[in-house]
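Good morning, and thank you for coming. Please look at the sequence and the structure while I describe them.

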Amino acid sequence: MTSTDDTIQPVAGLSRHSDAELAARAKAMESILVEKGIIGSDAIDYMSSVYENEVGPQIGAKVIAKAWTDPEFRARLLADATKACEELGFGGMQGEEMIALEDTETVHHMVVCTLCSCYPWPVLGLPPNWYKYPAYRSRAVRDPRGVMKEFGLDLPESVEVRVWDSSAELRYFVLPMRPEGTEDWTEEQLEALVTRDAMIGVGGVQSPEA
Amino acid sequence: MQTINERPSAETKPRVDSLVDVLPFNDRIPRHDGEVAFDQAWEIRAFAMTVALHEKLGFPWEEFQSELITAIKRWESEQSDLERWSYYERWLAALEELAQAKGWVSGEELETRTQEILDLPPTTDHHHAVRDPVAVVPAGPGA
């Protein structure tokens with residue numbers, strides 16, 4: 001007889017649970033505490049925003065910086081973002097498609113998930129809390145320019161804005177324009193300019209002078 | 001109206017950092033460039049929930065520290081396979097102990113709710129690919 005699990009069985013309750021199970025346990029705890037009024041989810045959102053930048057748009061920044069410096073990679077990224085990201089070793093989601101939206105002088109893209117919080121997390125890390133707020137989900141569609149202004153991005157009138165709806169099947173992220181004045185910059189230097197907000201399309205990349 | 005781009009106030013981060021600094025087995029906390037970092041969404045949720053509970057309800061942080069020490073020691077006394085080690089798994093175990101000791105939840109409530117969540121099919125509501133923009137704001141008159 002062959003056993004599919006030949007590791008020593010850990011003591012009950014001490015096994016390394018799968019991430020799916022741990023995620024469910026954390027969610028269960030949160031939903032019960034919120035239901036009972038012991039804590040509000042806004043208070044939890046607030047605390048998670050303290051470190052949310054540490055849950056990694058670094059990967060996405062590498063992808064963007066490479067697309068800025070390597071025209072062939074850029075072409076592959078725009079043709080099939082899922083494959084191009086896998087090329088760099090990023091991905092690992094099954095059966096999931098990602099599309100990179102290319103910003104130009106005349107078109108700016110912005111991403112939302114109108115129903116929940118579908119987000120290309122293999123590339124952008126965790127979605128920020130505001131991404132799942134009803135206010136963002138509805139206003140991104142109704143008034144994308146207004147939302148961008150709140151994030152400090154004031155696009156010229158001459159630019160068309162397109163808003164894209166991420167779903168579980170197809171997730172979008174934005175390939176922003178490379179900032180002027182960075183012609184001699186290395187990929188590593190450029191990476192530092194790419195922000196999560198720019199890859200969602202609500203904010204700009206950092207200015208090279210800053 | 002809800003502010004979309006709310007950032008934590010300037011004094012929050014140092015305050016949370018100081019809570020992290022006194023955590024047991026501090027050197028095992030996953031970090032990125034020296035900052036506390038998370039690999040999974042549930043990890044930051046468990047972390048933030050615990051800090052928020054401490055701040056809102058005012059129980060001493062030492063109570064959580066002590067649950068975390070117990071949870072980690074319990075793990076170490078039973079196994080040594082570091083492949084199975086996860087700081088935030090122990091964190092969640094400690095939070096569950098604390099929540100039960102405080103009477104916020106019972107073990108049964110947690111098990112039942114966890115099972116309900118695991119039984120839900122993933123994102124049933126948003127499964128189709130949307131291949132056209134949901135909104136287009138054309139360029140203005142200055143174009």
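**Chain B and its contact with chain A**

Of the 143 residues of chain B, 24% count as buried; a residue is buried if 20 or more other C-beta atoms lie within 10 Å of its own, exposed if 12 or fewer, and partly exposed in between, with C-beta atoms placed from the backbone. I should say at once that this is a predicted model: local features need pLDDT of at least 70, side-chain atom pairs count only at pLDDT 80 or more, and totals for chains, interfaces and linings use all residues. Residues are numbered from 1 along each chain as its sequence is written, while chains are lettered from A and ligands numbered from 1 in the order in which they are written.

Chain B contains 5 helices and 3 strands, in the sequence order α-β-β-α-α-α-α-β. Helices (H or I, at least four residues) and strands (E, at least two) are DSSP runs, numbered from the N terminus. The radius of gyration of chain B is 20 Å, well over the 15 Å that the globule rule gives for 143 residues, so chain B is more spread out than a compact globule. That radius is taken over C-alpha atoms, and the rule is 2.2 Å times the number of residues to the power 0.38. The C-alpha trace of chain B spans about 70 × 40 × 35 Å along its principal axes.

One residue of chain B deserves a remark. Phe25(B) lies in the loop between α1 and β1 (31–32) of chain B. Although Phe25(B) is not a glycine, it has a positive phi of about 50°. Most residues other than glycine have a negative phi. With 13 C-beta neighbours inside 10 Å, Phe25(B) counts as partly exposed.

How many residues does each chain bring to the contact? Chain B gives 64 residues and chain A gives 63 residues, where two residues are in contact if their C-beta atoms, placed from the backbone, lie within 7 Å. On the side of chain B that touches chain A, α2(B) gives the most, with 11 residues. By class, that side has 36 nonpolar, 14 polar and 14 charged residues. Here Ala, Val, Leu, Ile, Met, Phe, Trp, Tyr, Cys and Pro count as nonpolar, Asp, Glu, Lys and Arg as charged, and the others, Gly among them, as polar.

The two chains also share a sheet. Its 3 strands are in the order β2(A)-β3(A)-β3(B), forming an open sheet with mixed pairing. Two strands pair if DSSP finds at least two bridges between them. Because β2 (107–112) of chain A and β3 of chain B stand at the edges, each with a single partner strand, one side of each is left without a neighbour in the sheet. Strand β3 (residues 160–165) of chain A and β3(B) run antiparallel and are joined by 3 bridges. Within β3(B), Ala135(B) stands opposite Val163(A).

Finally, which residues of β4(A) point one way, and which the other? Leu170(A), Tyr172(A) and Val174(A) point one way, Arg171(A), Phe173(A) and Leu175(A) the other, and all are buried. With 6 of the 6 residues of strand β4 (residues 170–175) of chain A buried, this strand is largely enclosed by the rest of the structure. Strand β1 (residues 97–102) of chain A runs parallel to β4(A), joined by 6 bridges. Glu97(A) has Leu170(A) as its bridge partner in β4(A).
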